[in-house]
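Let's walk through this model together and ask, label by label, what earns each one. Here is the structure to keep beside you.

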Amino acid sequence: MKIVLAGAGAFGVKHLDAIKSIGDIEVVSLVGRALEPTRAVAQKYGIPHVTTELAEALARPGVEAVILATPTQLHAAQASACLEAGKHVQVEIPLADNWSDAQAVATLQKKTGLVCMVGHTRRFNPSHQWIHKRITQGELAIQQMDVQTYFFRRSNINALGQPRSWTDHLLWHHAAHTVDLFAYQTGSPIKIAHAVQGPLSAALGIAMDMSIQLKSASGAICTLSLSFNNDGPLGTFFRYICDYGTYIARYDDLIDGKDQKIDVSRVDVSMNGIELQDREFFSAIRERREPNASVAQVLPCYRILADLERQLAEQG
């Protein structure tokens, strides 16, 4: 399968490493904001073509699909451009940074019938898969999720600590992971959602601290704390308080409430959530089916984010 990867930054490289592990996938073009650093990444991974224009990459012979690991503000427009060009597309989280753009992509996917998947990686991490399988088998029910998403980002830097040209967002990016995962794990739509935020950063123009409360139709609740002011430890920690047991997930690792490590190495074919996410994308294309984390499946998450954004705007 010939594909295009747009985005030569930290997450673009994560996808390139995942694709190398998967095999049978050829990245025929790499799209980046600046030509020289993009060319350096392409040379490292043996990619024959580089460009700063997505349209040029889409026109390459035999391209079937695209992975977008570009700035958030470009996601919806670029996903639509890929679908309009007849290409399957996986767009990194978030799908969009507003509700109308998210709806537009979902509408276009339905019209084209192409695979359009969003990078909601938590659905694929073995730690969260282990929980999900026990829930679907009737062995567990979530009573509460307590989630901490903490980074130290008082300037525009990426996951590798390198400068970047765009500003990240606690609500439309980082909260999207948990809002979607909560509904996915409980198997129940979110009925109540509230949010408050701290002061806006003078340098970045965004809130650096935020708190979100959710309640699902099943009665489960979720408390999510987010910060760009936290000077370590960094990352996202998920505490699942269930009717039978408590579990703490951090990316691909899982422990129980007694701090005992749970072996999740056999949950799937890899311990790399990004690789598992990419495998699902390619398999859905080949099998002509809807993928897990399709745009249709994750769309309710973005409606909730829009509701929360309205609440925050009203609070001033």
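Q: What makes helix 6 count as mostly covered?
A: In helix 6, 8 of the 11 residues are buried, where buried means under 20% relative accessible area, exposed over 50% and partly exposed in between, with a 1.4 Å probe and protein chains only. The buried residues are Pro126, Ser127, His128, Gln129, Trp130, Ile131, His132 and Ile135. Helices and strands here are DSSP runs (H or I with at least four residues for a helix, E with at least two for a strand), numbered from the N terminus. One thing to keep in mind is that this is a predicted model: local features need pLDDT of at least 70, side-chain atom pairs count only at pLDDT 80 or more, and totals for chains, interfaces and linings use all residues. Residues are numbered from 1 along each chain as its sequence is written, and side-chain values use heavy atoms, with hydrogens and water left out.

Q: What do the buried residues of helix 6 pack against?
A: Their partners are strand 7, helix 7, strand 11, strand 12, strand 13 and helix 8 (273-287). Contact here means heavy atoms within 4.5 Å. Just after helix 6, Gly138 has a positive phi of about 80°.

Q: Why is helix 6 called roughly parallel to helix 7?
A: The two axes come within 9 Å and cross at roughly 30°. Angles under 35 degrees count as roughly parallel, over 145 as roughly antiparallel, 65 to 115 as roughly perpendicular and the rest as oblique, so helix 6 is roughly parallel to helix 7. The contact is made by His128, Ile131, His132 and Ile135 of helix 6 with Leu181, Tyr184 and Gln185 of helix 7. Axes are lines fitted to C-alpha atoms, for helices over the stretch in contact, and angles run from 0 to 180 degrees between N-to-C directions.

Q: Why do strand 8 and strand 13 stand at the edges of the sheet?
A: The open sheet has 7 strands in the order 8-9-10-7-11-12-13, with mixed pairing. Strand 8 (190-197) and strand 13 (253-256) each have a single partner strand, so one side of each is left without a neighbour in the sheet. On average, neighbouring strands of this sheet are turned by 15° against each other, direction ignored.

Q: How do you know that strand 12 and strand 13 pair?
A: Two strands pair if DSSP finds at least two bridges between them. Strand 12 (residues 246-250) and strand 13 have 4 bridges, in the antiparallel sense. Within this pair, Ala249 stands opposite Leu254 of strand 13. Helix 6 (residues 126-136) packs on the sheet, touching strand 7 (142-150), strand 11 (235-242), strand 12 and strand 13.

Q: What makes Asp180 and Arg123 a salt bridge?
A: The closest N and O atoms are 2.8 Å apart, and the term asks for a side-chain nitrogen of Lys or Arg within 4 Å of a carboxyl oxygen of Asp or Glu. The pair links distant parts of the chain: Asp180 sits in helix 7, and Arg123 in the loop between strand 6 (116-119) and helix 6, 57 residues apart. Asp180 is buried at 4%, and Arg123 is buried at 6%. The structure holds 10 salt bridges.

Q: Why are Glu139 and Arg134 called partly exposed?
A: Glu139 has a relative accessible area of 35% and Arg134 has 22%, so each value falls between the buried and exposed limits. Glu139 and Arg134 also form a salt bridge, with the closest N and O atoms 3.0 Å apart.

Q: How do you know that Asp168 is buried?
A: Its relative accessibility is 3%, and the limit is under 20%, so Asp168 counts as buried. Asp168 is found in the loop between strand 7 and helix 7.

Q: What makes the approach of Asp168 to His173 a polar contact?
A: Their side chains are joined at 2.8 Å. A polar contact is a pair of N or O atoms within 3.5 Å; within protein, one must be able to donate a hydrogen and the other to accept it, and residues adjacent in sequence count only if both atoms are side-chain atoms. The side chain of Asp168 makes another such contact with the side chain of Arg153, at 3.0 Å.
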